[in-house]
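Thanks for coming, everyone. I'd like to walk you through one model today, so have a look at the screen and then we'll talk.

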Amino acid sequence: MNIDIIFKIAAVGLLTAIVNQILKKSDKDEIATLVTLTGLVIVLLLVIDMLTDLFSALQTVFGLY
């Protein structure tokens, strides 16, 4: 397993949390929510990409079509 993906997820989470706090202090709660949702979508796309790699590896191991 590649450890880079863990660092990418942590970086997106940290950046999202910092921007979220800055926006909430500036009374821009709606934009803070959108930033949080955007960060969540980015992480979900990374995880879905990992899952597709896992399923294709399982298909090759078990010889499934």
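**A turn, two helices and a greasy patch**

Let's start just past the end of H1, where Asp-27 takes a positive phi of about 60°. Before I go on, a reminder that this is a predicted model. So, back to Asp-27: that phi is a positive value in a residue other than glycine. Where is Asp-27? In the loop between H1 and H2. And is Asp-27 buried or exposed? Exposed, because its relative accessibility is 66% and the cut-off for that label is over 50%.

Now, H1 itself. This helix runs over residues 4–25. Does the length make sense? What should 22 residues span at 1.5 Å a residue? The expected figure for H1 is 32 Å, and its end C-alpha atoms are 32 Å apart, so the two agree. If you want a check inside the helix, take Lys-8 and Val-19: they sit 11 residues apart in sequence and 16 Å apart in space, C-alpha to C-alpha. Lys-8 belongs to H1, and with a relative accessible area of 49% it counts as partly exposed, because exposed needs over 50%.

Which residues of H1 are buried? Ile-5, Val-12, Thr-16, Asn-20 and Leu-23. They cover an arc of only 70° around the axis, so they end up on the same side of H1. Here's the textbook bit: an α-helix has 3.6 residues a turn, so residues three or four places apart point the same way. Turn the helix around, and the face away from the buried side carries exposed residues: Phe-7, Leu-14, Leu-15, Ile-22 and Lys-25.

So what do the buried residues of H1 pack against? H2. Let me zoom in on two of them, and I'll skip neighbours within four places in sequence for both. Thr-16, in helix H1, is in contact with Val-35, Thr-36 and Gly-39. Thr-16 has a relative accessible area of 14%, and it is buried because the cut-off is under 20%. Asn-20 is also at 14% relative accessible area, and it is buried too. Its contacts are Ala-32 and Thr-36. If you were watching closely, Thr-36 turned up in the contacts of Thr-16 and again in those of Asn-20.

Over to H2, then. This helix covers residues 29–62. It has 34 residues and reaches 49 Å from its first C-alpha to its last, close to the 50 Å expected at 1.5 Å a residue. The buried residues here are Ala-32, Gly-39 and Val-43, and what covers them includes H1. Ala-32 is one of the contacts of Asn-20, and Gly-39 is one of those of Thr-16. After H2 comes Gly-63, with a positive phi near 70°.

Last thing: the surface. There's a nonpolar patch made of Val-47, Leu-51, Leu-54, Phe-55, Leu-58, Val-61, Phe-62 and Leu-64, and together they have about 770 Å² of accessible area. One of them, Leu-58, lies in helix H2. How open is Leu-58? Partly exposed, with a relative accessible area of 35%.

That's my tour, and I'm happy to go back to any of those views.

Methods. Residues are numbered from 1 along each chain as its sequence is written. This is a predicted model: local features need pLDDT of at least 70, side-chain atom pairs count only at pLDDT 80 or more; totals for chains, interfaces and linings use all residues. Side-chain values use heavy atoms; hydrogens and water are left out. Patches are made of residues with over 30% relative accessible area and no salt bridge: like charges are joined within 9 Å, nonpolar side chains (Val, Leu, Ile, Met, Phe, Trp, Tyr) within 5 Å. Accessible areas come from the Shrake-Rupley method with a 1.4 Å probe; for residues, only the protein chains shown count as cover. A salt bridge is a side-chain nitrogen of Lys or Arg within 4 Å of a carboxyl oxygen of Asp or Glu. Helices (H or I, at least four residues) and strands (E, at least two) are DSSP runs, numbered from the N terminus. Buried means under 20% relative accessible area, exposed over 50%, partly exposed in between (1.4 Å probe, protein chains only). Contact means heavy atoms within 4.5 Å. The expected span of a helix is 1.5 Å times one less than its number of residues. The arc is that of the directions from the helix axis to the C-beta atoms.
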